[in-house]
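Colleague: Please take a close look at the backbone of this model for me, loops in particular. After that, I'd like to see how it fits with the rest of the chain.

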Amino acid sequence: MMTEKRAMKTLATRSAMALSIAALWALPGCAQILGFEDPILEVLDGGEGGLDAGGECDQTCTSQGAKSCSNGKFRSCEPDEQGCLSWSVEQDCPSGFCESASQCGTCQNDCTSKGAMECSEGKIKSCVEDAHGCLKWSTPQPCGSGSCQGAVCANCSNACAAGATECAEGKTRTCQLDGQGCLGWSEYASCASGFCASGTACGTCQNDCTTAGATTCANGQVRTCVADARGCLVWGTSTACEGGFCESAASCGSCENECAVVTATECQANQIRSCVADAHGCLRWGAFTACPSGICGSATACGSCSNTCPRAGDTDCSGGQVRACVSDANGCLAWGNPSRCPSGFCGSTTSCGSCSNSCSSAGATQCANGQLQTCTADANGCLSWGSPSACPSGTCSGGVCVCVRESDASFCARQNKECGSLSGTDNCGSARTASCGSCASPQTCGGGGVQGRCGCTAAQASCVDGATLKLCQSDGSLTTVPCAYGCSSLTGQPRCNECSPGLTECHGDSLVRCLSKGTIGSSTPCPAGCNVSSERCNLLTPSNLPPSICETAGMSDLYVSAGQVTSLDTSGPCTSVQVQNGGPEICVLKYADVTVQAGGTIMVRGTRALAIVATGTMTIDGTIDASADGGQSGPGAPAANTPANDDFGGGGGGHGTAGGKGGAVRYESTTIDGSPGGPASGNERLVPLTPGAPGLAASNETSVTPAGGGGGALQLVSCGSLRMGPSSVVNVSGGGGSGGSWLWGQGGSGGGSGGGLLVEALEAAFVAGAALSANGGGGGGGGYDRDSIGGSGDEDGEPGADGSTSPQAAPGGDSGGFSSDEGRGGSGAAGLSPSQPGESGWGTWGRTYPGLGGGGGGGGAGRIRLNLSNPTLPSITMTPPATVGPVAVH
């Protein structure tokens with residue numbers, strides 16, 4: 001019976017493959033892509049234009065200057081290099097369309113902007129684009145709900161705004177007039193690119209590179225241009241060059257060494273050079289330098305001399321004697337006999353000196369820049385002008401100092417007076433009375449207790465220009481203080497304002513309310529800083545949700561008491577629904593405060609992902625469960641419905657990490673591999689918010705074994721503060737796969753992967769004992785069929801365990817009726833441990849021998865992300881380990 005079923009399966013599979021290949025031949029360009037040649041698809045082409053074998057023109061057009069236009073592109077008939085007429089290369093029409101077969105078209109717009117509307121003879125019409133993108137008035141339509149007034153039908157309940165567009169899941173629709181003259185949404189049309197760039201428009205590829213397979217090289221790293229999942233060209237991962245450097249901007253380089261090792265030397269023609277490494281680490285010979293001794297001692301080293309001087313021809317001078325460095329017969333250097341300097345003294349350590357007298361006789365004087373200089377003789381008898389010195393009386397003239405009478409300001413300053421009248425003797429010995437000036441308020445002359453000096457008593461103050469405070473110190477001196485918020489006397493005493501009177505403003509990371517007198521009424525610390533432009537504390541900007549969601553308070557609280565179980569269904573009513581590009585829809589539930597007491601539980605189910613938003617505080621001491629339950633997926637995760645084949649195990653689902661491979665089945669001479677595990681998906685920031693993936697279900701001729709469900713997608717947002725207590729648990733783990741049926745030795749199904757958990761808060765406190773979990777579920781065990789007819793010993797495989805809330809991996813299910821590890825399901829990913837593959841089963845082609853299905857693979861780990869004001873990982877249980885980043889604010 002089994003042999004007949006397997007033969008029928010093989011025949012059906014081969015037939016389907018033959019039909020698929022036949023269908024592929026019908027697709028344009030498919031034969032070339034697959035590398036096949038089919039005479040039916042070949043086209044014999046003698047080429048365009050040019051001379052044929054007989055030297056005659058093989059012209060593709062007949063009239064020079066003729067034009068041709070087709071599919072929005074035009075070309076002209078021109079002579080080529082041989083003078084033969086041929087069509088030029090096609091160019092795009094500026095308007096994008098052809099007016100006729102010989103010329104491009106131009107738009108004659110009837111209206112000015114797409115979506116504009118106006119009334120015409122009691123009917124409504126709108127401005128639309130025709131097939132060429134030109135603006136035309138649509139056919140006027142009667143207003144089914146009333147009369148046409150201005151540019152709208154009266155009494156319409158319009159579903160959208162004129163000209164508006166929406167884009168979701170790679171499709172777009174526009175707002176247009178319906179049969180009643182009212183505005184409604186059109187049917188969705190697929191984007192040409194296959195994806196949306198935003199909620200209102202289709203996306204286009206912004207390619208990082210131009211040609212797939214092209215390479216670029218920089219800083220010793222090479223990378224290749226590849227196509228991403230959308231077909232857009234991006235640079236791939238950098239790979240280190242084997243040589244460690246780039247030869248050009250597109251390729252790696254390699255070394256061609258001139259010498260063997262760094263520091264190796266060679267000596268030739270009395271010169272020596274060393275082996276050095278260049279900037280790329282390649283070995284090159286350095287430049288030759290002369291041996292100090294002038295000779296090579298060997299092929300690798302210079303000879304040596306006991307030289308007493310550095311270089312032939314060098315001199316030194318000491319004690320009025322000079323000597324020269326000379327080379328002996330061996331080229332070694334030594335000092336020669338000294339000789340007496342003609343001047344009798346050394347001018348430097350290397351040469352004799354000589355006098356360059358700048359003056360004629362010792363004691364002579366002169367004026368230089370108003371100062372007096374004297375001629376002096378140094379130790380060698382050489383004459384030079386000494387350093388200039390100021391004349392005590394004021395100035396120098398004719399080589400002598402003369403007295404210049406000082407000004408009143410200098411007279412007062414020399415007596416340390418700055419105000420009032422001063423009498424005394426000036427610098428030239430004459431009697432003098434002068435006015436030394438007056439003082440600025442609040443200082444007066446002598447007010448600080450010192451005659452002739454400006455001063456005041458402590459605490460006296462005055463405002464200058466409303467922005468500067470002049471304050472008298474205890475010693476009578478005056479301090480000028482710039483006032484950041486202005487200077488005033490509103491409190492009775494001149495002083496700097498503490499803040500801007502009557503305003504609420506940012507002072508550092510605090511929000512301050514200023515009273516009318518310039519004093520601080522209140523100061524509120526801002527956890528995420530103060531927004532200077534808006535003069536308020538920064539608000540949290542959540543991922544995946546509208547940025548303004550924290551700007552208005554929630555209408556009610558969510559409170560779950562001890563022992564209470566509250567169920568939330570994301571398929572039902574939501575505060576709002578957020579559409580994601582690349583992820584499921586998010587059911588947003590917005591509250592003022594959220595509290596889950598110890599012993600309280602929130603159970604989450606439904607087809608959408610869930611975002612719980614608290615505009616005030618979020619306190620979790622109990623449990624929030626968005627995990628899979630066996631084959632039932634968590635919120636937003638797809639259902640498990642894709643079967644594997646025959647007796648091998650189904651692969652585990654993948655998310656943050658890949659799922660485990662399903663167990664193989666070994667037959668008499670053949671091994672059939674199990675299903676591969678699901679690949680890793682999503683990103684560590686959880687933007688978009690993604691759930692876990694279900695495992696792959698196992699199947700055989702009689703039944704399908706349900707796979708483990710994927711963990712849910714959950715986002716917790718606290719616009720204020722978040723606290724997780726010591727008994728709190730948030731769980732988005734995957735479910736365990738079912739065990740295989742005993743009949744025909746069915747394989748076990750794969751476990752589901754952990755889901756996605758995103759936590760965002762301005763202020764967060766995590767108490768030891770709290771747990772965040774996104775573990776994978778265990779794979780199911782294979783079924784055991786002893787004789788294929790239900791005899792003694794037949795037994796179903798055990799299911800894999802659901803993902804736990806600890807770092808302990810969820811175990812795979814045991815195989816049915818079998819004591820060894822064969823056919824056992826793989827454990828799910830947990831903590832830092834990856835998912836495990838299912839164990840192999842065995843069977844035979846005959847019907848009288850026992851069979852054991854392969855075990856299901858374990859589910860991969862999910863993703864946990866924390867976005868906080870202070871992005872450091874808390875010391876709590878997080879499995880797998882979370883990534884952390886700064887929370888966005890505005």
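Modeller: Before we get to the loops, a word on the labels: strands here are DSSP runs of E with at least two residues, and they are numbered from the N terminus. Keep in mind that this is a predicted model.

With that, let's start at Pro 880. This proline sits in the loop that runs from strand S67 (877-879) to strand S68 (883-886). The peptide bond joining Thr 879 to Pro 880 is cis, with omega at about 0 degrees. Since S67 covers 877-879, that cis bond has Thr 879 on one side and Pro 880 on the other.

There's another cis bond to look at, between Val 687 and Pro 688, where omega is about 5 degrees. Pro 688 belongs to the loop between strand S56 (671-672) and strand S57 (698-699). As background, most peptide bonds are trans, and most residues other than glycine have a negative phi.

That second point brings us to the loop between strand S19 (265-268) and strand S20 (271-277), which holds Ala 269. Asn 270 is found there too. Ala 269 isn't a glycine, yet its phi is positive, at about 50 degrees. Asn 270 also has a positive phi without being a glycine, and its value is near 60 degrees. As for cover, Ala 269 has 70% relative accessibility, so it counts as exposed. For Asn 270 the relative accessible area is 36%, so that residue is partly exposed.

One more loop deserves a visit: the one between strand S48 (576-578) and strand S49 (586-591), where you'll find Val 579. Val 579 comes out as partly exposed because its relative accessibility is 45%. Setting aside residues within four places in sequence, Val 579 is in contact with Ala 168 and Glu 585. Now pair Val 579 with Ala 362: they are 217 residues apart in sequence, and their C-alpha atoms are 100 Å apart in space.

For the setting around these loops, the protein has three helices and 68 strands. Its C-alpha atoms fill a box of roughly 135 × 100 × 85 Å along the principal axes. The radius of gyration is 46 Å, whereas a compact globule of 890 residues would come in near 29 Å. Of those 890 residues, 38% count as buried. Among contacts with a separation of 6 or more, 55% are between residues 24 or more positions apart.

What about the inside? The largest nonpolar core has 36 residues, and Leu 714, Leu 716 and Leu 772 are those with the most contacts inside it. Beyond four places in sequence, Leu 716 touches residues including Ile 612, Met 618, Ile 620 and Ile 624, along with Val 730, Leu 758 and Val 759. Glu 760 is also among its contacts. A second, separate core has 17 residues, including Leu 540, Ile 549, Ile 586 and Ala 611. Ile 586 falls within strand S49 (586-591), which borders the loop of Val 579.

Finally, the outside: about 45000 Å² is exposed, with carbon and sulfur atoms supplying 51% of it. The protein carries 42 positive and 73 negative charges, and the mean positions of the two sets are 11 Å apart.

Definitions and conventions:
Residues are numbered from 1 along each chain as its sequence is written. This is a predicted model: local features need pLDDT of at least 70, side-chain atom pairs count only at pLDDT 80 or more; totals for chains, interfaces and linings use all residues. Side-chain values use heavy atoms; hydrogens and water are left out. A nonpolar core is a set of buried Ala, Val, Leu, Ile, Met, Phe, Trp, Tyr and Cys residues joined through side-chain atoms within 4.5 Å. Buried means under 20% relative accessible area, exposed over 50%, partly exposed in between (1.4 Å probe, protein chains only). Contact means heavy atoms within 4.5 Å. Helices (H or I, at least four residues) and strands (E, at least two) are DSSP runs, numbered from the N terminus. The radius of gyration is taken over C-alpha atoms; the globule rule is 2.2 Å times the number of residues to the power 0.38. Accessible areas come from the Shrake-Rupley method with a 1.4 Å probe; for residues, only the protein chains shown count as cover. Lys and Arg count as positive and Asp and Glu as negative; His and the chain ends are not counted. The place of a charge is taken as NZ of Lys, CZ of Arg, CG of Asp or CD of Glu.
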